[in-house]
Amino acid sequence: MKFESKVVHAGDRKRRPGQPVPSTTPIHLSSTYFYDSAATLDHVLGQPDEGVSYARYSSPTNEALEELAAALENGRGSLATASGMAAVQIALQAALIDRPHSILASHAIYGATVGLLDQVLAPFDVKVKYIDLADLEAFATAVEQNRPGCVFLESISNPLLRVANLARIIEISKRAGAAVVVDNTFATPMMLRPLEWGANLVVHSATKYLAGHGDVLGGIVVADEQHYQPLRTLARITGPQLGPFESYLTMRGIKTLALRFERQCQNARILAEWLASHPAVDRVYYCADPNHPDAENIRQYFAPGLFGAILSFEIKGAAKDSVLQFMDELKMIVPGTSLGDVHTLLLYPLIASHRNVSPKMRERMGIRENLVRIAAGIENVDDIKDDLDHALRAVSAAAAEPALTRTL
Ligand SMILES: *Cc1c(COP(=O)(O)O)cnc(C)c1O
């Protein structure tokens, strides 16, 4: 089945002899399950993959979503978790359980993931190092020196949208015995499937594109053959499972993922081109830019014609107060801290994702005071343009005012 068909069919409509087949998977809220015979329950409690018994082990709504997610990423199986962060944590634990407790991570990763590494895992004696994955030689040297148990990266970095050379990173990591965990939230399995390039575990914040409507907090871990059982065992013990209602919402969201994401990518591309020639804009970051520093990786790893639905841009001459004023001027675009929703979202890294990064470090990362990030929604792109245009003009007019007063 092609991707557009998998999103509407995988995981649903399980047939059981003599039973009616629901056309969509219902919300199963039961915490325990039993069988006609205690012998069957005995069997299932011993072989939790062969039936449901207790909701921390598995439950029918979650199983349907997990089968769907595994089909989309082409994995052995998946686990639906209560948040993207819960997914990152359990994926790293599954990767490290029988490897050296040492993680080599890309330096351009989600803020809470840095928090997880530094404040949660490091105190439990996990060694954590950060590296710039654009420099493959430095990466290979760091792998040699550190011998990490796990390499962690995001398939598209935030907010400057760098795209790593996945196949080379996986090759170097695996040669040293390290597992590779990829956060694929920004790319979605429609544009990139890291397991097909040899990654071991893929995580998603399902809160973003998968659920897609701003009404779910959730996560997904998709594992390869080697890591699926360790992942399930950890989940059975620690219990990070997504609730059945959120599982249902996420599955319902995924059914329109292909339509939504295609439109979001198209809107983002139009916006990137339009912003590049806007008088109040200094610089645009978008993956379709032919001068993108990772254009070769983008060509190799992204599905043809798709360049993602996120773009960032710098507002000409804007200091923090002008950017805040720009955000207040927006009438339709939602100035919220997320991405991947049907509505367009705008995020200011300085006060949100990179709030806790020191000014010096931000400077080194190339994240300026005038940088904002847009996650394109599915609206008519002209309405998004109009909203950005009037907000940009409002702040550039305000910026021009004092200069005018001076000349007078
Ligand atoms: C949002 C996000 C997360 C965390 O997900 P939550 O669902 O908020 O816990 C992790 N990685 C990336 C890239 C994200 O955008």
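Which element gives the largest share of the lining of the largest pocket? In this predicted model, that share comes from α3, with six residues, and the legends below take up the pockets, the ligand and a loop in turn.

**View 1. The largest pocket, with a volume of about 900 Å³.** The lining of this pocket is made up of 34 residues, and Lys14, Arg16, Val52, Pro60 and Glu63 are those that lie nearest its centre. Three elements, α3 (60-73), β1 (77-81) and α9 (225-238), are the ones that give two or more residues to the lining of the largest pocket. When the lining residues of the largest pocket are divided by class, 13 are charged, twelve are nonpolar and nine are polar.

**View 2. The second largest pocket, with a volume of about 540 Å³.** Around this pocket there are 27 lining residues, of which Ser157, Leu160, Arg162, Asp294 and Met365 are the closest to its centre. Both β8 (281-285) and α14 (359-365) supply at least two residues of the lining of the second largest pocket, and β8 gives the most, with three residues. Sorted by class, the lining of the second largest pocket consists of 13 nonpolar, seven polar and seven charged residues.

**View 3. The second largest pocket in relation to domain 1 (3-254) and domain 2 (257-407).** The second largest pocket lies between domain 1 and domain 2, because both of these domains give residues to its lining. Among the residues closest to the centre of this pocket, Ser157 and Arg162 may be picked out together with Asp294 and Met365.

**View 4. The ligand and the residues that surround it.** The ligand is surrounded by 14 residues, and the closest of them are Gly84, Asp183, Ser205, Thr207 and Lys208. By class, the shell around the ligand contains six polar, five nonpolar and three charged residues.

**View 5. Polar side-chain atoms of Ser205, Thr207 and Lys208 beside oxygen atoms of the ligand.** A distance of 2.8 Å separates a polar side-chain atom of Ser205 from an oxygen atom of the ligand, while for Thr207 a polar side-chain atom lies 2.7 Å from an oxygen atom of the ligand. In the side chain of Lys208, an N or O atom is 2.8 Å from an oxygen atom of the ligand. On its own the ligand has 380 Å² of accessible area, and the protein covers 93% of that area.

**View 6. The loop between β4 (150-154) and α7 (166-175), with Pro159 and Leu161.** Asn158 and Pro159 are joined by a cis peptide bond, for which omega is about 0°, and Pro159 is placed in the loop that runs between β4 and α7. Leu161 also lies in the loop between β4 and α7, and its phi is near 60°, which is a positive value in a residue other than glycine.

Terms used:
Residues are numbered from 1 along each chain as its sequence is written. This is a predicted model: local features need pLDDT of at least 70, side-chain atom pairs count only at pLDDT 80 or more; totals for chains, interfaces and linings use all residues. Side-chain values use heavy atoms; hydrogens and water are left out. A residue is near a molecule or strand if one of its heavy atoms lies within 4 Å of it. A polar contact is a pair of N or O atoms within 3.5 Å; within protein, one must be able to donate a hydrogen and the other to accept it, and residues adjacent in sequence count only if both atoms are side-chain atoms. Accessible areas come from the Shrake-Rupley method with a 1.4 Å probe; for residues, only the protein chains shown count as cover. Ala, Val, Leu, Ile, Met, Phe, Trp, Tyr, Cys and Pro count as nonpolar, Asp, Glu, Lys and Arg as charged, and the others, Gly among them, as polar. On a 1 Å grid over the protein atoms alone, a cavity is a set of points where a 1.4 Å probe fits but cannot get out, and a pocket is an open set with protein on both sides within 12 Å along at least five of seven lines; lining residues have an atom within 4 Å of a point. Grid points are joined across faces, edges and corners, and a volume is the space filled by probe spheres set on the points. Helices (H or I, at least four residues) and strands (E, at least two) are DSSP runs, numbered from the N terminus. Domain bounds come from an automatic or database domain assignment.
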